[in-house]
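Me: I would like a close look at one part of this model, written for someone in a first year of study. Please keep it plain and connected.

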Amino acid sequence: MDKIVRVNMSDLTTRMEAVPSEWAGLGGRALTSAIVAAEVIPTCHPLGENNKLVFAPGLLSGTTAANSGRFSAGAKSPLTGTIKESNAGGTAAQMFARLGIKALIIEGLPRGDSWYGLRVNKDGVSIAEETELIGKGNFAVVEALEARLGKKCGVLTIGPAGEMRMLSANISVKDSDSKLRSHGRGGLGAVMGSKRIKFIAIDDSGAAGITLADPEKFKAAARTFARALIEHPATGEGLPTFGTAEMVNIVNAAGGLPTRNFTYGRFEKHENISGETLRDTIIARGGSPKHGCQPGCIIQCSQVYNDKDGKYVTSGFEYETIEMLGANACIGDLDVIARADHLMDDIGVDSIETAVAIGVAMEAGVLPFGDGEGVLRLLREEIGAGTPLGRILGSGAGNVGRAYGVTRVPVVKNQAIPAYDPRSIKGIGITYATSTMGADHTSGYAVGTNLMGVGGGIVDPLKKEGQVELSRHLQIITVMLDSVGLCLFIGFPAADIPTCVPALIDMLNARFGLELTPEWIGGLGVTTLKTERAFNIAAGFTNKDDRLPEFFREPVAPHNAVWDFSGEEIDEFWNF
Amino acid sequence: MRVTVNLYATFRSGRFEQELRDFPLGTMLREVVAAVGIAESEIGMSLVNGCHAPMERALRDGDSIYLFPLLGGG
Ligand code: SF4
C-alpha cells in the first residue's frame, strides 16, 4: 500500500499515514503542489517553521516505462516567494516508488544548532544527528554515505550553500554513477538547510516493489512508448548525439542567444561552446557523449566531460549552464565552464541562477566579462566560503542587481531568466512571465515550437501572434510530464508522434487499474496550474508580477527585437 | 550573387561548417539546399539572416543561410 511519510523536525518525530483519496491519483508536481497548497500558509516565511518540504516520485516512477524516474521537490520558494516544484533525475524517485512512498513531507524546524540526517527505508524514516558531514560538499557527502550504507544507497543532499540557506541553493540527487543531478531552481536547498537536514539517505532493499494492475498491457504500452521516443528526431537522434548544448548554434542563428548580460542576441565565439564542439571534445578525450540522468533513460541527453588529460570533470553538462557562462558571461571556453559546473554542483547552487547572477555581477563591475578564472575563484572562495560577497552572489541574480544598483537584471518573480532571449523567442517570454514558478523555461518550453516547429509547425518567434496560446498549451501538458515523472523532452514525441500519448495513458491505466482518457492530461494541468496560482495570489502576488523586466523594451541585435506585449495581452494567459 | 551557407550538427559530416557560394540572382533556398546535397525532408530549421524562411524564398546577394537537421531542446 502506498503511504505518505511525514517528518516533524520540531519534535523530531516521524509517522506514516494512509494516502488521502484526493491525493491518490496524483504524483510528482501535481502532488507536491497539492500538498504545499493544502498545508503551507502562503504568507509564511519560506525558511520558517511553517514551510514544508515535500518530495514525490512521478506516477510511473519505479516501473519500466522509459524516462519515468524524475523526482519532484516542492515547497514555498525562498527565492521567489511563490509555490515551487523543481524536478530532477537520479535514482531517488525509483527508490521511493519501490518503497511505496507516495510523498515525504518534512515540516517544522528543530530548536538548537544540531544538524540531522534522515534515513528512508522499508520501515519508514528515521532521524539521526549528524556531525561528520556538516560543511562538506555534495560529492564528499555521497562518498561518505556510500561508505556507511553501501554503494547502492540513494542520496539527497545539500552542499555548504544549502547549509548557509542561500537563495540559490539546490538539492542534489545521486545518480547511478554516484554523481549528481539537481533540484536546481528556486532555492529549495535553503529550505532543507533551514530544517537542518544535511542529507536524506535511501535504502530500498526489501522494498515491496511495484505491482502492476495489468502487466501485459503495461508491457505492450511501454514498448510503444519507447518506440515513439526513438522515432522522434529530437529524442532519437539530436539529444543523444549533441546533448542539450545543440541549442547553442540553433539559438545563436535565430538571434536569441543571451550575450553579455542580455545585451546582444548572438555571441561571436558560439562555436567554442556549441554542441558540435562539445561532442568532438568529449569523444577526443575519452569521455561519454551519451549518458542518462536516471536509470531507464533511453534518450541520454547527458554526457561525461573530461579534461585534456582524460580526467573526469563533470557530467550533466547542460545548455543552460554552458550558455549562461559561455555567452552571457562571455567566457567562451568549455573547460572553464565545466570546472565551474562541477564546483556549483559541489557547493550546491543552481547553475542557472548562479550563472545569471555572475552575468549581472560582471555588469556591475565585480569582475570583467569573460573572466573565467575569476568566476572559479568567486565560486570557491566567496560563494563556497560564505563571505559577504559570496552571500550576495548566492542570493540570486535579482539580489545581485539590487545590491549593486544594476538595471539590466533578467529575472521574473526574482528567479533568473535562462538561456533564451524572450525578445527574439517570444513564446518562451510568455512562459517566463506567467509561470507560477518564476522565470522557468521548463514549465512551457515554447522554444521547440518557435524555432523547430515541434507540435505541428513553427509559431514565428519574432511575432506576438499565437504565443500566449502556445505557452498555455505547453504549460498544461508540462504539468502532466512533471507529474508522471517523465523528463521534459518527452514533450517532443508527445506532440509529434501520434502513438505516444495513447501509450502513456495506457501505461497509467495498466499501472493503476484506471480508465483514464487523454482528456485527463488537460484536467490535471488546469487544476494544478490553478492551485499553484491561487497559492501565489494568497501569498501576495498579482498579475503585475507576470511581467518581464523593463529593459526588455530595449532592442536586441541582430533583429532589433523588443518585448512588446502589453500587460493585458499577457494576462490573457490565465483565461482558461 | 554570393551567399553564406552555414551547416550544423549532422549536416556537417562530409560537408562543411560555413562556405561562401555563388548562385544566379533570384535562386531559391530550395536550390541551395539541393546544391549542398541535403534532402528537404531532413531539414528541421532553415533560416535566412536569422529568420525562418520557406524553401521558396528567393535569395539576395549577401544573404546568410542557416540549415539545421531536426534537433531537440535544452
Ligand atoms: S533525456 Fe536527459 S533529462 Fe531526460 S531523462 Fe535522459 S538524461 Fe535525463
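Take chain A as the part to look at: what percentage of its contacts with a separation of 6 or more is accounted for by residues 24 or more positions apart? Please follow the answer down to single residues, and add chain B at the end.

Reply: The model is predicted. In chain A, residues 24 or more positions apart account for 70% of the contacts that have a separation of 6 or more.

Start with the chain as a whole. Chain A has 23 helices and 17 strands. Its radius of gyration is 22 Å, close to the 25 Å that the globule rule gives for 576 residues, so chain A is as compact as a globular protein of that length. Along the principal axes, the C-alpha atoms of chain A fill a box of roughly 60 × 55 × 50 Å. Of the 576 residues in chain A, 65% are buried. The accessible surface of the chain is about 18,700 Å², and carbon and sulfur atoms hold 50% of that area. As for charge, chain A carries 55 positive and 66 negative charges, and the mean positions of the two sets are 3 Å apart.

Now go to single residues, beginning with A:Lys179. This residue sits in the loop between strand 10 (171-174) and strand 11 (180-183) of chain A. The relative accessibility of A:Lys179 is 23%, so it counts as partly exposed; the cut-off for buried is under 20%. Leaving out residues up to four places away in sequence, A:Lys179 touches A:Phe139, A:Val173, A:Lys174, A:Tyr312 and A:Ser315. A:Cys330 gives a distance to set beside those contacts: A:Lys179 and A:Cys330 are 151 residues apart along the chain, and their C-alpha atoms are separated by 28 Å.

One of the residues that A:Lys179 touches is A:Ser315, which can be followed further. A:Ser315 belongs to strand 15, residues 312-315 of chain A. With 4% relative accessibility, A:Ser315 counts as buried. The side chain of A:Ser315 makes a polar contact with the side chain of A:Tyr312, at 3.0 Å. A:Tyr312 is also among the residues touched by A:Lys179. Apart from neighbours within four places in sequence, the contacts of A:Ser315 are A:Lys179, A:Ser302, A:Gln303, A:Val304 and A:Asp341.

A residue from a helix comes next. A:Leu145 is part of helix 4, which covers residues 138-149 of chain A. Its relative accessibility is 1%, so A:Leu145 counts as buried. Not counting residues up to four places away in sequence, A:Leu145 touches A:Leu133, A:Gly150, A:Cys153, A:Val155 and A:Phe199. From A:Leu145 to A:Ile521 there are 376 residues in sequence and 39 Å in space, taken C-alpha to C-alpha.

Two loops of chain A show backbone details. In the loop between helix 22 (519-538) and helix 23 (567-571) lies A:Pro558. A cis peptide bond joins A:Ala557 to A:Pro558, with omega at about 5°. The other loop runs between helix 5 (160-163) and strand 10 and holds A:Arg165. A:Arg165 is not a glycine, yet its phi is positive, at about 55°. The relative accessible area of A:Arg165 is 38%, so this residue is partly exposed.

Chain B can be described in the same order. It has one helix and five strands, and from the N terminus on the elements run β-β-α-β-β-β. The radius of gyration of chain B is 11 Å, close to the 11 Å that the globule rule gives for 74 residues, so chain B is as compact as a globular protein of that length. Its C-alpha atoms fill a box of roughly 35 × 25 × 20 Å along the principal axes. Buried residues are 53% of the 74 in chain B. The question about contacts can be put to this chain too: here, residues 24 or more positions apart account for 52% of the contacts with a separation of 6 or more. Chain B exposes about 3,300 Å², with 48% supplied by carbon and sulfur atoms. Its 7 positive and 9 negative charges have mean positions 2 Å apart.

Chain B also has a positive phi to note. B:Ala9, a residue other than glycine, has phi near 50°. B:Ala9 lies in the loop between strand 1 (2-7) and strand 2 (18-22) of chain B. Its relative accessible area is 6%, so B:Ala9 is buried.

Definitions and conventions:
Residues numbered from 1 in each chain as written. Chains lettered and ligands numbered in written order. Predicted model: local features only at pLDDT ≥ 70, side-chain atom pairs only at ≥ 80, totals over all residues. Heavy atoms only, no water. Helix = DSSP H or I, 4+ residues; strand = E, 2+ residues; numbered from the N terminus. Rg over C-alpha atoms; globule rule 2.2 N^0.38 Å. Buried < 20%, exposed > 50% of the residue type's maximum accessible area, 1.4 Å probe, protein only. Contact = heavy atoms within 4.5 Å. Areas by Shrake-Rupley, 256 points an atom, 1.4 Å probe, with all protein chains shown as cover. Lys, Arg positive; Asp, Glu negative; His and termini not counted. Charge placed at Lys NZ, Arg CZ, Asp CG, Glu CD. Polar contact = N/O pair within 3.5 Å; in protein donor to acceptor, adjacent residues only side chain to side chain.
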